[in-house]
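Biologist: I should like a close look at a single part of this structure, namely the open sheet. Please set that part within the chain as a whole, and then turn to the salt bridges and the helices.

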Amino acid sequence: MLLGLVLLVFAVASQVTHCVDDDLTFCLTISNWTTTSSLVGTIQTKYTGWAAVAFGSNQMGGGVTAYVGWPGSKGATVISERKVVDTSMPAFVQDGTSAPIPQGINAQNTTGIFFSFVFPASQFPQTKSVDIIYAVASTAPSEPDSAQSSFTRHDTADTFSLSLTNSSSGADASGARPLVYSCADSQGTFCVTFDPSLSPSDNFTVATVQTYYTGWAGVAFGTRNMSGNAAAYVGWTGTNGSPVISERTVSANAMPSFVRQGTAVAIPQQAAAAMNGTGLVFSFLLPVSSFALSGRTNLIFAVANSGPSDPDLPNSTFSIHDSYGTLSVAATGADDAVDVPQAIASSSFCADARGTFCAVATRYSEYTVLTVYSVYTGWVGIGSGTGMAGSTMFVGWPSNGTVTVSQRVGTGHSEPSVAASAAFAPTDAPPGSVALPPATGVAFSIKLAQPAQGILSVARASPLIFAVSNASAQAPADPSSAFPMHSSYGLFALDVSGGPPGLGAGKTADGAALVLVHGLCMFAAWGLLAPLGIVVARYLKARQGSWHAALFCAVGLLSATGLILVEVYVSPAVSPQRLRFIGSRSAHAIIGTSVVLAVYPLQCILGCLSRSFGWLAARKAHRWIGALTVVLATANMHLGLAQYNASVVFLVLFWVWMLSVCLGGWYFGDVLVRGWLGPPLRKVFPANPQPEPQQANE
């Protein structure tokens, strides 16, 4: 009996709880069990169908173990242990082990799901924070009394990180409370640490803020928005290297009002052990009344890379935040190290200085975070490859203060279809190295498992497409909603194969312009000058034969210019994954390179042989190969327009033009020149005195 009481007290005192919001979307409490090899997880949610949690991962995949629970038909909770292989239904492993609700955990909702389960302690290390994914739904499984039952897709899902206390009680021998910290994400966008054991008096605690951002960081307690005159503490580094703390109040979405200079203190030893030495780190005195030591405290945070206007004055103004968010923390958890993953490589791209579209890919050891943002306010999208057909796309649009992200599959020049399963996990905020400009209209960040679901290669640069629009989606809260056509789009590349963060080889905005000029050169050569040269050769050569040669010399110059532009566009510094010339996997590249580097020079040689030496065989070959060349060039221009994502209307106009050129050339030659226009032309353009060759010279 005494042993059981001791174990119960131990379990109650060693609990750590995390709620994703105040609406009871999902709350997880970790408690000790009767054996040191196991822990108890307790889940509460307002959803009534099923709830699931998986430890040690930030997205679906990797074979991690998940625990799914739902109410059985007789009232008992059914626990199902599953293995998460990909984004499909997790594979059943075995029946899970339910546990009594630990003492001290009270039901916060009388209708939602509320259950406890036992899981191995090895899945939740006590020396570092653990990435966790959760999912909940309101629809019950098809067979609620069977742990092997299938269940519907989640209504909502997300990720967070959590750490377990190293202490077996709520206070040490001296009565001091354990270290408490919480991070907005596992990248270290914002972390706050409380260390009451080092407070100089009973009225204050020491708070430590850490972020990858370098300009300023702020935190306000007891609120979830910029209102209510909540106390806020903003910190930055002065010109002498010392932290400057500014105490403010927040009452609206504007510059917080200055109250007084805050008290900066040395970073506590325990908190210093948790820091990684990068970005902004500072500690300050915080009134104990600001932080609920016996419950949960809501807080908002904001960070920026731009420093204040006068870094030595606590009442200085400062720029708008680059990233912000909310947290709900409790004084019941402790840890002695923050496990913040380090970026391996990053790559960025902006279409222009205005911010039409920007993308940043930050690669970590197990996943890549892809952040896209735009000044456009309707929607922003990014996709793999160089065209819409078959592209894996991610499209985001605003929805009630958040952003809905929808994974799509490109089907050509039409609205992309919704992907059968999602290959990404949303994140609350971009990595700390990403600074969103104040004019940002739409932005979102997603996590992709290595090698980034085939979208971003870890070995070479990856070709990508983007599109943006100011028009909104029809049903913003629905990921499967229809959305209007883009207002702007383009091609680019990102390279996360190596190098320090921020130094990836993202392609510049000039790439899209290079492709456009390439297309214009090729169209002028083969859609204008080449047909005109054929008309001259067929109907006017005896009178103006030199014009035929001059026109096709211009065709050669324009074709060479277009090919050089493509060579610059696919240069190794920009896109080393693109194979040049005949080695390319693109039909457009193969045909275009063959025509410009092989067929066109052959035509020039045959033309010279025919004209200079009178070889009849060369003349015939020149005619037939010339016709074939124009046919290939015309087909290749269509392929190029399709690869450039030209609209159906533009493709139709192209073929109308080419058909008009053919009919116009025939009408001019066979109807006019060889008909009633013939005699006047013969007077204006007398016959060439050089006779055409009649036979071959052997």
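Modeller: The account below begins with the chain, proceeds to the open sheet, and ends with the salt bridges and the helices.

The model is a predicted one. Its protein chain holds seven helices and 33 strands. Of its 698 residues, 48% count as buried. The chain exposes about 31500 Å², and carbon and sulfur atoms supply 60% of that area. Among contacts with a separation of 6 or more, residues 24 or more positions apart account for 63%.

The sheet you ask about is open and has five strands, in the order β1-β2-β3-β9-β8, with antiparallel pairing. Strands β1 (16-19) and β8 (97-99) stand at its edges; each has a single partner strand, so one side of each is left without a neighbour in the sheet. On average, neighbouring strands of this sheet are turned by 30° against each other, with direction ignored.

Within that order, strand β2 (residues 27-32) pairs with strand β3 (residues 38-45) in the antiparallel sense, over six bridges. One position in this pairing can be given by name: Thr29 has Thr42 of β3 as its bridge partner. Strand β3 also pairs with β9, again in the antiparallel sense, here over eight bridges. In that pairing, Leu39 stands opposite Phe119 of β9. Strand β9 in turn runs antiparallel to β8, and three bridges join these two strands. Thr97 has Val118 of β9 as its bridge partner.

How many of the eight residues of strand β9 are buried? Strand β9 (residues 113-120) has six of its eight residues buried, so it is largely enclosed by the rest of the structure. A general point is useful when the sheet is viewed from either side: in a regular strand the side chains alternate between the two faces of the sheet.

The salt bridges come next. As background, side chains of opposite charge can pair when their charged atoms come close. With a limit of 4 Å between a side-chain nitrogen of Lys or Arg and a carboxyl oxygen of Asp or Glu, the count comes to two salt bridges.

One of them is formed by the side chains of Glu247 and Arg260, at 2.8 Å from N to O. Glu247 belongs to strand β17 (residues 243-250) and Arg260 to strand β18 (residues 257-261), so the pair ties together parts that are 13 residues apart in sequence. Glu247 is buried, at a relative accessible area of 14%, whereas Arg260 is partly exposed, at 45%.

Arg408 and Glu415 also meet through their side chains in a salt bridge, at 3.5 Å from N to O. Here Arg408 is buried, with a relative accessible area of 1%, while Glu415 is partly exposed, with a relative accessibility of 37%. The cut-off for a buried residue is under 20% relative accessible area, and Arg408, at 1%, therefore counts as buried.

There remain the helices. Leu551 has its place in helix α3 (residues 510-569) and is buried, at 10% relative accessibility. Leaving aside residues up to four places away in sequence, Leu551 touches Leu529, Leu532, Gly533 and Val536. The C-alpha atoms of Leu551 and Leu528 are separated by 9.9 Å, and these residues lie 23 residues apart along the chain.

Helix α6 (residues 648-676) includes Val648 and also Gly665. Gly665 counts as buried, at 13% relative accessibility. Its C-alpha atom is separated by 7.8 Å from that of Pro531, and the two residues are 134 residues apart along the chain. Val648, by contrast, is partly exposed, with a relative accessible area of 48%. Together with Val652 and Val656, Val648 makes a nonpolar surface patch of about 250 Å². Membership of such a patch calls for over 30% relative accessible area, and Val648, at 48%, therefore passes that cut-off.

To return to the part you asked about, the open sheet runs β1-β2-β3-β9-β8, with β1 and β8 at its edges and with a strand β9 that is largely enclosed by the rest of the structure.

Note on methods
Residues numbered from 1 in each chain as written. Predicted model: local features only at pLDDT ≥ 70, side-chain atom pairs only at ≥ 80, totals over all residues. Heavy atoms only, no water. Patch = residues over 30% accessible without salt bridge, like charges linked within 9 Å, V, L, I, M, F, W, Y side chains within 5 Å. Areas by Shrake-Rupley, 256 points an atom, 1.4 Å probe, with all protein chains shown as cover. Helix = DSSP H or I, 4+ residues; strand = E, 2+ residues; numbered from the N terminus. Buried < 20%, exposed > 50% of the residue type's maximum accessible area, 1.4 Å probe, protein only. Pairing = 2+ DSSP bridges. Axes fitted to C-alpha atoms, helices over the stretch in contact; angles between N-to-C directions. Contact = heavy atoms within 4.5 Å.
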